[in-house]
Amino acid sequence: MKIDLTDTTASKINKALVQGRRAIGTPAVGMVLTLVIVTDEENAYDALKAANDASREHPSRTLVVVKRVSRTPRDRTQSRLDAEVRVGADAGTGETVVLRLYGDVVDHAQSVVLPLLLPDAPVVVWWPVNAPLDPANDPLGALAQRRVTDTYAAEQPVRELAARAGTYTPGDTDLSWTRITPWRSMLAAALDQVVCEVRGVEVEGEEFNPSCELLAMWLADRLDVPVRRSVSAGPGLTAVRMDTDCGPIVLDRADGSLATLSIQGQPNRAVALKRRDTAELIAEELRRLDPDDTYASALRFGVERLNAKPEEPEEPVVPEGSEAGDPVASEEPVAVPEPVEEAAKAPAKKATKKAPAKKAAAK
């Protein structure tokens, strides 16, 4: 069931929700959270479809905030709110309200969303595209316990990761981090099967894929070993190679769906590592509403520390005219003391010189 409202208010939207629930015979509200999606008109359909699919696992009230761009200066001064209320089969297992904001009300979206939040229920805000640099200080992000962004949609994902590390607040998360959950689980399980020391790691994947950087930072942060980031044609993550004192451990996924796990001394095993769609990623993020400390630690490790080479010791300076193998040339010059005989004779010489001066004084 769909109810269209033009030039409306939050009070009228709430009344339309109650009217819709009564019309389909489900007056009771059994939703567990409020999901706020902030997007543009171009990406609204895909984001709403993913949210509806995720609502089968997490029944929720979904509020889609679409900020419309005014084409003329006169339109920018005219504020208007249009809404589309969906209940029943058109809204998955929850309720959906599509809010289209025009004019000055675009800058005050939180005042429209606040009266529509479910009472005593957690709030999750998701930016599929164009996420703010500091989600926690955004007016809509301040209403939420959990803030979901996606650096993969940014123009410069690697630079976006560095910005996220500087503004991280407990409750922030990223779908680029959610995409590597199966990889992290499989690598942790592989290391549990052996008793080895990891000496180095290589993460291979697409060039502009922030999930590759996040996985590399997680490995470097947890294992405290050098991690090298290499580029492949994709899709997404393609391989992780760990160099251990018991032999190499390789998790290779060349086709984006089926991976091969190779451990020294064990037969190769096929592992299902398919690339998941957005609905599965959102459903995973809605399972937990507490801060993700592991993500925070990996994010703060820093992209710039990947591929960092250990500092080499400075070579000793060899003076001109000496060879590198000369032990005197490789060490600092040491002052050689005078022979003992010369040091003993020196006071005697001084005494003989001073004797005539004493005699002259006596005369």
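**Exercise 1. Count the aromatic pairs and classify each one.**

Step 1. Set the rule. Rings of Phe, Tyr and Trp (its six-membered ring) pair if their centres lie within 6.5 Å; planes under 30 degrees apart are stacked, over 60 edge-to-face, and the rest tilted. The count is two aromatic pairs.

Step 2. Take Tyr-168 and Tyr-295. Their ring centres are 6.0 Å apart and their planes stand at 65°, so this pair is edge-to-face. Tyr-168 lies in the loop between α5 (157–166) and β8 (172–174), and Tyr-295 in helix α10 (residues 293–301), so the pair ties together parts 127 residues apart in sequence. Helices (H or I, at least four residues) and strands (E, at least two) are DSSP runs, numbered from the N terminus.

Step 3. Take Trp-177 and Tyr-295. This pair is tilted, with 5.6 Å centre to centre and 55° between the planes. Trp-177 belongs to helix α6 (residues 175–178), 118 residues from Tyr-295.

Step 4. Join the results. Ring pairs link Tyr-168, Trp-177 and Tyr-295 into a cluster. Tyr-168 and Tyr-295 are both buried, and Trp-177 is buried too. Buried means under 20% relative accessible area, exposed over 50%, partly exposed in between (1.4 Å probe, protein chains only).

A note on the model: it is predicted, local features need pLDDT of at least 70, side-chain atom pairs count only at pLDDT 80 or more, and totals for chains, interfaces and linings use all residues. Residues are numbered from 1 along each chain as its sequence is written, and side-chain values use heavy atoms, with hydrogens and water left out.

**Exercise 2. Find the rings that have a charged end sitting over them.**

Step 1. Apply the test: NZ of Lys or CZ of Arg within 6 Å of the ring centre and within 35 degrees of the ring normal.

Step 2. The charged end of Arg-80 sits over the Tyr-102 ring, 4.2 Å from its centre. For Arg-184 the ring is that of Trp-218, at 5.7 Å from the centre.

**Exercise 3. Describe the largest nonpolar core.**

Step 1. Define it. A nonpolar core is a set of buried Ala, Val, Leu, Ile, Met, Phe, Trp, Tyr and Cys residues joined through side-chain atoms within 4.5 Å.

Step 2. Size it. The largest core holds 38 residues; Val-201, Val-203, Leu-215, Leu-219 and Val-240 have the most contacts inside it.

Step 3. Trace its sources. Elements that each supply at least two residues include α7 (181–192), β9 (198–205), α8 (210–223) and β11 (237–244). The largest share, eight residues, comes from α8.

Step 4. Probe one member. Neighbours within four places in sequence aside, Val-201 is in contact (heavy atoms within 4.5 Å) with residues including Leu-219, Leu-223, Val-240 and Met-242.

Step 5. Look elsewhere. A second, separate core has 30 residues, among them Leu-17, Leu-63, Leu-99 and Leu-140.

**Exercise 4. Place strand β5 among its partners.**

Step 1. Two strands pair if DSSP finds at least two bridges between them.

Step 2. Strand β3 (residues 60–67) runs parallel to β5, joined by seven bridges. Lys-67 has Leu-101 of β5 as its bridge partner.

Step 3. Strand β4 (residues 80–87) runs antiparallel to β5, with eight bridges. Here Val-85 stands opposite Val-97 of β5.

Step 4. Check burial. Seven of the eight residues of β5 (residues 95–102) are buried, so this strand is largely enclosed by the rest of the structure.
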